[in-house]
Amino acid sequence: MREPEISPDGAVRVGVYICHCGTNIAGTIDVRAVTEYAATLPHVVVARDYKYMCSDPGQTLIQQDIRDHHLTRIIVASCSPLLHEHTFRAATAGGGLNPYHFQMVNIREHASWVHEDRQAATEKAKDLVRAAVFRVYFHEPLERREVPINPDVLVVGGGIAGIHAALTLAGARKHVYLVEREPSIGGHMAKFDKTFPTLDCAACILTPKMTAVRTNPHITLWTYSEVVGVEGYVGNFKVTVKRKPRYVIEDLCVGCAECIEACVYKAARFPDEFNLGLGKRKPIYLPFPQAVPLVAVIDPETCIEFKSGKCKKTCVEVCGERNAIDFTQEEHTETIEVGTIILATGFQVFDAKRIPYYGYGVYPNVYTALEVERLVNASGPTSGEVVLRDGRTPKSVAIVHCVGSRDENTNRYCSRVCCMYSLKLAHLIKEHTDAEVYNFYIDMRTPGKGFEEFYNRVAEEGTQLIRGKVADVYPEPGDGGRLIVQAEDTLLGKVRKIPVDMVVLAVGLEPQADAQDVRRMFNITCSTEGFFLERHPKLAPVNTFTDGIFLAGACQGPKDIPDTVAQAGSAAAEALALIDAGTVELEPNTAYVVEEACSGCKTCVPLCPYSAISFMEATQKAQINEVLCKGCGVCVAACPSGSIRQHLFQDEEIFEEIKGVLAHA
Amino acid sequence: MADPAGKPKVAFYWCASCGGCEEAVVDLAEDILKVVDAVDIAFWPVALDFKRADVEALEDGALAACFINGAIRTSEQEEMAHLLRRKSGVLVAFGSCAHLGGIPGLANLFDREAILDRVYRTAPTVDNDDGTRPQVRAETPEGRLTLPEFSDTVRTLDQTVEVDYYLPGCPPPVGLIVDAVTAILEGRLPPRGSVLAPDVALCSECPRKTTKPERLLLKELRRPHEVLMDPETCLLAQGLLCLGPATRGGCGAPCVSANMPCTGCLGPTSRVRDYGAKALSALASVVDSNDEAEIAAVMAQVADPVGTFYRYSLPASLLRRRARRHAPAGGGVSS
Ligand SMILES: Cc1cc2nc3c(=O)[nH]c(=O)nc-3n(C[C@H](O)[C@H](O)[C@H](O)COP(=O)(O)OP(=O)(O)OC[C@H]3O[C@@H](n4cnc5c(N)ncnc54)[C@H](O)[C@@H]3O)c2cc1C
Ligand code: SF4
Ligand code: SF4
């Protein structure tokens with residue numbers, strides 16, 4: 001065993017502090033008894049109990065004792081290290097000791113809060129304190145390492161979340177790489193006409209922000225691009241981005257659309273992605289009129305030149321001297337270095353075909369809400385006219401809430417925005433068509449600023465609000481072409497069958513289809529529903545478990561635009577806080593290879609979840625990059641010859657702790 | 001300590017062992033002559049006709065060095081260990097059994113009653129209708145006969161007497177024996193309690209090391225008779241459970257060179273407290289699956305887990321033996 005660090009007079013001198021935490025601890029544990037017991041343990045010089053150790057006087061107590069009693073180790077038995085380890089380490093350092101000569105014992109979450117038997121809880125607290133006393137003897141002084149933070153930021157996803165985060169960061173003159181998978185930024189919001197609850201025009205508030213992204217010198221915008229590789233750690237990530245060819249040179253295209261006009265296809269013939277197939281586009285197209293960047297894209301799947309090589313290329317002709325069209329473009333990758341990353345990859349809507357009895361994809365007059373967003377949109381496929389696929393204007397419309405939400409068979413969670421957008425669509429449909437609108441809801445959820453007022457307004461406008469889960473949608477007998485929506489009205493207590501011309505399914509919000517791949521690539525975690533998991537639901541809502549990677553918007557869970565923007569701002573602020581600090585301190589509880597002991601068996605190399613271990617050809621031994629190491633301990637446990645050790649978790653420390661906790665047995 | 005001719009006195013003794021360690025001494029070949037030349041062998045029951053009384057007659061500490069092989073299972077072995085300890089300057093636990101308990105130590109999966117029952121009653125080859133059992137003491141017309149007592153648990157040498165050094169291996173490799181003897185004769189010994197072998201695992205000296213892949217993850221474990229082995233590739237990479245990564249080197253990898261995975265006879269490095277637990281944890285780490293059922297299926301391919309991971313070290317492990325309260329009375333115990 002190694003010799004412990006000792007005080008100038010040659011001894012390990014331990015101070016033990018038992019916290020009452022008001023009555024949180026003292027209510028269940030006899031703190032006096034624990035303190036008296038602690039005083040009898042080896043090397044303990046001072047043992048005290050105090051009402052609130054985390055308070056200023058509590059911390060001062062420690063520091064005074066360090067001076068008066070020449071303490072070399074400090075133990076505080078109180079709450080969870082998650083809460084106050086930092087506080088007491090700082091207090092220990094303030095008293096002139098190395099902060100890692102401090103050890104925390106959790107007698108609140110581990111004893112007083114989980115037991116009722118005062119006697120037994122007190123005995124358990126003694127065991128835990130004894131374990132710490134045994135352990136601290138072997139503590140060594142450790143240094144935190146500082147690494148510089150690259151001030152550049154990567155934002156993945158150019159929906160409103162990514163746009164807002166990027167603009168905030170650029171406003172602080174930080175360089176941002178904004179990577180968007182589609183040919184234009186804007187995300188879902190770009191598809192909406194109006195937004196609840198204020199009914200302001202989505203384009204009016206979004207387009208200026210999109211243009212600002214385009215013109216901001218601090219933002220590098222890469223659309224039609226995807227992140228394909230991430231290496232490194234907080235402050236120093238290396239990211240590989242795949243850039244798909246759009247066959248139109250971004251810097252040369254002016255977005256005049258003459259090529260589209262000139263295309264050999266006289267009429268638009270192919271389903272238009274942005275309009276969810278409700279409209280048509282040509283092989284060369286602009287995603288939508290406000291697209292940013294406003295640059296044409298060629299779809300090689302439908303372009304004749306790509307298919308046969310024999311097109312007249314009227315597009316190239318008309319582009320003329322601008323020479324923006326380039327059929328030889330190829331996919332390529334770029335590598336960038338950034339210090340922080342914000343994930344803002346958003347959501348996908350629930351696939352309504354998964355609930356067959358709603359008839360989506362079977363009856364042409366069943367639509368998803370997102371499709372109707374396009375129909376009511378002035379720049380949509382019908383120029384804002386709500387018309388059915390056969391051109392008729394619906395006289396009655398049913399909006400079905402909770403499609404793919406709050407449902408045992410699909411998603412159990414509430415998608416949070418559907419009640420509100422369904423009310424919005426009810427209002428807009430009424431406004432555009434004067435139709436009779438029926439909203440079928442399970443519960444009306446309108447918790448938000450101005451939401452309840454909006455609900456009242458829509459109700460007053462005459463929308464029929466029917467409380468009942470729709471059980472079936474089927475054609476009305478005869479050839480009227482109407483659909484019957486059947487639901488049990490739980491307020492009237494009877495089944496209602498309402499014939500309508502159009503059914504709108506309020507589809508829920510789901511994680512992106514590739515959320516798991518993205519999660520793995522960025523080394524973060526997902527909640528059970530598959531949305532990216534925040535570090536703490538209340539106290540760290542935009543942080544992830546990987547330092548330097550933050551979340552914004554619906555990729556973290558369903559939310560509306562106000563919440564999305566708030567979260568995006570918060571993610572940007574978290575990134576800025578790191579950048580502004582300039583460096584990050586890394587915890588010293590890292591693993592290290594005892595070089596002369598390592599046999600080079602390579603067992604550890606593939607195990608590290610942070611890729612911190614490499615095999616050095618020259619020495620034929622393993623090496624751990626201490627900056628990458630998170631101290632998870634996997635390699636330490638796995639090293640078959642015990643040649644990997646870990647600071648703060650040395651064998652001696654752990655075995656002594658075990659001995660201490662079991663010493664009464 | 002030295003005899004009149006000035007040669008240091010040395011003793012060899014065996015306890016619960018197979019005799020292989022004695023072979024190893026003989027295996028020193030011409031080197032043994034050097035040893036014989038340099039020392040005066042005062043006691044070596046296998047080869048020389050000295051009796052216990054001769055040892056008792058020695059002054060305490062008269063033996064410069066004593067090498068004891070074998071684990072401690074009987075009262076006689078225990079007595080001899082104490083006697084030789086008293087008479088010796090340097091006491092060396094020689095071979096896996098004295099060092100860690102060795103193969104005889106696997107008997108700790110059973111207790112005395114179960115073993116005697118098997119050997120004197122239930123084994124298919126036994127013909128013992130009278131149920132005769134060996135007795136510690138028996139009165140016969142010719143006088144009183146005594147036998148050593150058979151203990152419940154196999155112990156290592158250092159669980160019985162204080163040990164100064166360990167020569168690991170089943171049996172210890174010749175090179176290590178020569179180095180140890182030379183070091184003792186020249187008085188160049190490492191700190192007391194050391195294992196007289198390199199403290200780095202076998203992979204470091206394995207001829208197959210360079211073929212071991214950097215990312216070795218296993219989905220299947222195979223046993224030597226199931227594989228047509230490649231003579232050059234790392235055995236673990238061929239799915240064979242080679243314990244080289246967990247085992248002290250110093251043997252020169254003869255088993256691995258002969259297409260036999262390392263079974264761990266040199267025991268753990270000084271940094272590992274429980275060889276079997278460490279080897280198991282290392283193996284568990286490289287199983288390439290996150291699916292519980294699949295992991296269980298891979299691990300089930302280890303035919304005899306205790307006999308594999310604790311083959312040489314059960315008595316020295318944190319487990320030491322099977323808990324007695326679970327041993328069915330008189331019945332066989334399987335693992
Ligand atoms: C029908 C409907 C109506 C709604 N109406 C309203 C409303 O009126 N008011 C309101 O407040 N909220 C409304 N919402 C909610 C609103 O859509 C969300 O709050 C908002 O879109 C969330 O923004 P986001 O940026 O997080 O995600 P998204 O808008 O989904 O944007 C994500 C972006 O990331 C891109 N992306 C995804 N994966 C990757 C990747 N791997 N690499 C690069 N880029 C990627 C996507 O292409 C997309 O551009 C509505 C939702 C629906 C479904
Ligand atoms: S402790 Fe964990 S993070 Fe650190 S090197 Fe080992 S496996 Fe990697
Ligand atoms: S695992 Fe076995 S065969 Fe492979 S390098 Fe190590 S000792 Fe050699």
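This is a chat about a predicted model with chains A and B and three of its ligands.

Trainee: What are the overall scores of the model?
Mentor: The ipTM is 0.91 and the pTM is 0.71. Keep in mind that the model is predicted.

Trainee: What does chain A average in pLDDT?
Mentor: Chain A has an average of 95, and 98% of its residues score at least 70.

Trainee: Where in chain A does pLDDT stay under 50?
Mentor: Over residues 1–8. The model still has 24 contacts for that stretch beyond four places in sequence. Where pLDDT is low, the predicted coordinates should not be read in detail.

Trainee: And what is the mean for chain B?
Mentor: Chain B has a mean pLDDT of 92, with 95% of its residues at 70 or more. Residues 327–335 of chain B fall below 50, and this stretch has 12 contacts beyond near neighbours in sequence.

Trainee: Switching topic. Which domains does chain A have?
Mentor: The assignment gives domain 1 at 14–142, domain 2 at 258–322, domain 3 at 348–510 and domain 4 at 591–647. Between the C-alpha centres of domain 2 and domain 4 of chain A there are 54 Å.

Trainee: How is chain B divided?
Mentor: Domain 1 of chain B is made of 9–103 and 152–186, domain 2 is 115–150, and domain 3 is 202–303. For domain 2 and domain 3 of chain B, the C-alpha centres are 42 Å apart.

Trainee: How many residues are in contact between chain A and chain B?
Mentor: On chain A there are 25, in contact with 24 on chain B.

Trainee: How much area do chain A and chain B bury between them?
Mentor: About 2000 Å², with 54% of it on carbon and sulfur atoms. In chain A, Lys602(A), Pro606(A) and Pro640(A) lose the most area to chain B, and together they make up 26% of what that side buries.

Trainee: How many salt bridges are there across that interface?
Mentor: The rule finds 0 between chain A and chain B. There are 13 residue pairs in polar contact between the two chains, counting pairs with both residues at pLDDT 80 or more.

Trainee: Now the ligands. Which residues are closest to ligand 1?
Mentor: Glu180(A), His188(A), Lys424(A), Lys559(A) and Ile561(A), out of 37 residues that surround ligand 1.

Trainee: What does the side chain of His188(A) do there?
Mentor: An N or O atom in the His188(A) side chain is 2.7 Å from an oxygen atom of ligand 1. Backbone N or O atoms also come up: one of Ala554(A) is 2.8 Å from a ligand 1 oxygen, and one of Phe347(A) is 3.3 Å from a ligand 1 oxygen.

Trainee: Which residues come nearest to ligand 2?
Mentor: Cys608(A), Cys629(A), Cys632(A), Gly633(A) and Cys635(A), from a group of 14 around ligand 2. By class, that shell has 11 nonpolar, 2 polar and 1 charged.

Trainee: And which are the closest to ligand 3?
Mentor: Cys203(B), Cys206(B), Cys234(B), Leu235(B) and Cys242(B), among the 13 residues that surround ligand 3. The shell of ligand 3 has 9 nonpolar, 1 polar and 3 charged residues.

Note on methods
Residues numbered from 1 in each chain as written. Chains lettered and ligands numbered in written order. Heavy atoms only, no water. pLDDT = per-residue confidence, 0-100. Contact = heavy atoms within 4.5 Å. Near = heavy atom within 4 Å. Nonpolar A, V, L, I, M, F, W, Y, C, P; charged D, E, K, R; others polar. Domains from an automatic or database assignment. Buried area = accessible area lost by both parts, 1.4 Å probe. Salt bridge = Lys/Arg side-chain N within 4 Å of Asp/Glu carboxyl O. Polar contact = N/O pair within 3.5 Å; in protein donor to acceptor, adjacent residues only side chain to side chain.
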